[in-house]
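Reader: I have a structure to look at and would like to go through a few of its residues. Where should we begin?

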Amino acid sequence: MLVLGLLAGGVAHGELSESEFRDPPLAARPSALWSWMNGHVDHGQITHELEEMKAKGMRGAIIWDIGVLIDPEKIIPAGPAFLGPESLASIHHAMDEAERLGLELGLFASSSWNAGGDWIEAEDGSKALRWSEVKAEGPSRFSGVLPLPEGIVAEKREVAVVAVREGEPDRIRLDDRLGAEGTLEWEVPEGSWRILRFVSGNTGERLNCPSENSDGRVIDHLSREATDAHFKHMLDALARGRDGYGPLKVLMLDSYEVRPVTDWTPDFVEEFTERYGYDPVPWLPVLAGVTVGEGDLGDRFLHDYRKLVSDLLVEDHFARARELLHERGLLLLAEGGHGGHARVDPLKALGAADIPMGEFWNHRKNWVTKEAASAAHIYGKTLVNAESFTGWQHWQDGPATYKRLFDIALCAGLNQVSFHTFAHQPPGSGLPGVAYHAGEHFNVNQSWWDVAGPMLADMSRSCHLLQQGQFVADVAVYYGDNAPNLVPPRRIAPTVKPRWGEGYCLHCGKPEPVDLSSLGYGHDYDYVNEEVILERMRVEDGRIVLPDGMNYRLLVLPDREAISPAVLRKIGALVEAGATVVGPKPERSNSLSGYPECDAGVREGAGRIWGDCDGETVKRHRFGKGEVVWNVPLDEVLAGMKVRPDFEVEDFDNSGREIDYIHRETAVEDIYLVANTTLEPQRFAARFRVQADRVPSFWRAEDGTVAPCFHYEVGDGFVRMPLDLAPASSIFVVFAEGAARDHCVQIEGPDGGIEITGLEGAELKARVREGGTYRFKTAQGRNGEMVVGDVPPDRGLTGPWTLSFPPDRGAPASVELAKLIDWTSSEDPGVRYFSGTATYQTVVPLTAADLSTPGPIFLDLGEVKEVARVSSTRAWQGVF
């Protein structure tokens, strides 16, 4: 042990609380989608499962009345209709028990998804615009019937009849000539004509997978009245006979999976005309694939149509649902992103919820967590939830797999977990019990449920730290004002090979809206949308700032010629006030609104802002206090602004982000999560962009301990330190304002052979892996040397082993093993096919030297499936 005369120091703190870290508040704890299969539940089991959730450290659960997709033998009986008297009695029982236990509940806003039920009348059902077509040659007289379009179920409304001359921009409105039965009399002008009859009506869309007695219509998501009818029915039913909603805190909207149609609502034409200033009816043939107008005019109309669909869906469904819930003291949790069949500007939709919700899947490409995180950051939300660990791995994986996925999701911005799924297990369900067809079947029947607490505690502590302060990002990335749109994931499950090449979204395969390949690993970012640019962005001291404190050094534009004129005007104001904007000079509007004057306005405005910058001979242009940059790599732009990477890894190829990170900051602390997402141990040096007066400490989520860091060096604008991370593990490095203490800044000796673990009085403690001579230098300039002899080699536990099984599970009481083996490789079928918890036992001989050696004895369990709990007894034999 080396004595350097150093004084022990505590951990510097600011806003963070060690006690809250050890025992996090409810908001940080995991919840789960509590699937009530077929609505069949048992009140006693509801109580038992809630008590188990409480005991293991969960926040509670989100009740999900859901049908059964795969049950060929009809094992699961049909329960009562969702929100009927029996269903409400069960929901209210869960609410009463959750309140008794201090848990929180949520509820899906329908049986299965997406918003609807048997209380939805036809007038509020999902609607579409459909059309039929008849061809005519002129000059002639047309006298005939225009057929009713296929797929009209109910609520039929005539919208328009439009004739289009092929090969010409001409189009004629024939609405006033349409007879009651679809008859049309018309003198056809010269040419070949396509006559289109547009009719709106119900699609007949039903809930996706309701419990057996809960089928019903899906609502018209573009209708405020339909949203009102749906949520008011649900909220009134839930409140019946009760004083408020108690532990019920949120209603949840799942990913938007209404089948693709040409979306419509009864007042669509009026809304369109008011917002865009022109009549959409002459352009409706574009929706049928007919060329109307010259050049890109048809595409501009499609842009306007799709954008209005998005805006109505956001305003009249997501935002209106939130208003209705707020009136009752509840919150909206919503998967509004580009999962499913999204039609929206996903950031706007997610921003309309109280808690944006993404999703990430096990061994699947479906990852949209970064999207939800960006929405939370730019709209001033604290929580970033996700449907977590979805997939079809069933019971194959456990905490080690979850940890790796969880850390990747955390680094994308996740800070609240909702397991997919936690199936309710009524009596008679057996083992492993009933399960929803997808998801990790995390519930009381899981073979390792009894020891799930530490995993949940690790998740809770991690989420708690990442709910503090604000996200740190250097770049705001504008993805345009088109709908639908997407935020591509930073990463997906590492066991999945991407289906698409560079430049395409890893989740859905569509082109990425912005090329960030030149940004580099160490600069993080948020995507932003038109609404945030127009309503929330301003400039302070050269930084782009939002009302809630988020700030960015750059605004990056998509590589497109077209832009929203309103966004261009705001970009000009931001640059003039001191912002730096990177992207090409726009040349035209992307809308038909105000055409053709809108294009002239874009050219004039862009000419003022970009000046002579052409991206080739001139790549920068000052405008006011700020600058526009075109065709310069993003990392070079930031370097020229003296913005170094926020996090760097030395001597390690990190192009795949395998050493991942995320950074949040409070007024007095920088909170970094650093994750090794490989399956190998990794030792590396890391650089953190922090102020020199902030002192580092390690916050370990796996056990809730906090310890000072005793080996680091302070550079010009960064702190460098060695990190040693086990496979699929992570650590929080927190830099807080506080008195600097002496610490090692340089160690010479066997590479990676020593880890400084602490100071006690005047003694420096170290964990040594290799013998040799170690020389130390401290921040205060003191030097020391320590000579370490040979480190004892690892000792194998060769056996024999006794493997014991619980009774009445088809396995023998115990078997003797000559060596340690995985029981699934046993030749005994009762052992090989056993699923549950078994006990391996052996004797470990310890010598007098073993017992006299200071410090702990470490037991390396090797590869464990899925969780191990180790206990030991000391059997004294002889005298040492």
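Author: We can begin with Leu851, which is partly exposed, with a relative accessible area of 30%. Keep in mind that this is a predicted model.

Reader: In which helix does Leu851 lie?

Author: The residue sits in a helical run that spans residues 848-852. That run is helix H16.

Reader: What is the area of the nonpolar surface patch that includes Leu797 and Leu851?

Author: Leu851 contributes to a nonpolar patch on the surface, together with Leu797, Val844, Leu846, Ile857, Leu859, Leu861 and Val870. The area of this patch is about 650 Å².

Reader: Is His424 buried or exposed?

Author: His424 is found in the loop between strand E15 (416-419) and helix H10 (453-465). Buried means under 20% relative accessible area. His424 has a relative accessible area of 1%, so the residue is buried.

Reader: Which side chain forms a polar contact of 2.9 Å with the side chain of His424?

Author: A polar atom of the His424 side chain lies 3.1 Å from the backbone nitrogen of Asp42, but that is a backbone atom. The side-chain partner at 2.9 Å is Glu49.

Reader: Is Glu502 buried or exposed?

Author: Glu502 lies in the loop between strand E17 (475-478) and strand E18 (525-528). A residue counts as exposed over 50% relative accessible area. Glu502 has 74%, and therefore the residue is exposed.

Reader: Which residues form the negative surface patch with Glu502?

Author: The patch is negative and lies on the surface. Besides Glu502, its members are Asp515, Asp559, Glu561 and Glu587.

Conventions
Residues are numbered from 1 along each chain as its sequence is written. This is a predicted model: local features need pLDDT of at least 70, side-chain atom pairs count only at pLDDT 80 or more; totals for chains, interfaces and linings use all residues. Side-chain values use heavy atoms; hydrogens and water are left out. Patches are made of residues with over 30% relative accessible area and no salt bridge: like charges are joined within 9 Å, nonpolar side chains (Val, Leu, Ile, Met, Phe, Trp, Tyr) within 5 Å. Accessible areas come from the Shrake-Rupley method with a 1.4 Å probe; for residues, only the protein chains shown count as cover. A salt bridge is a side-chain nitrogen of Lys or Arg within 4 Å of a carboxyl oxygen of Asp or Glu. Lys and Arg count as positive and Asp and Glu as negative; His and the chain ends are not counted. The place of a charge is taken as NZ of Lys, CZ of Arg, CG of Asp or CD of Glu. Helices (H or I, at least four residues) and strands (E, at least two) are DSSP runs, numbered from the N terminus. Buried means under 20% relative accessible area, exposed over 50%, partly exposed in between (1.4 Å probe, protein chains only). A polar contact is a pair of N or O atoms within 3.5 Å; within protein, one must be able to donate a hydrogen and the other to accept it, and residues adjacent in sequence count only if both atoms are side-chain atoms.
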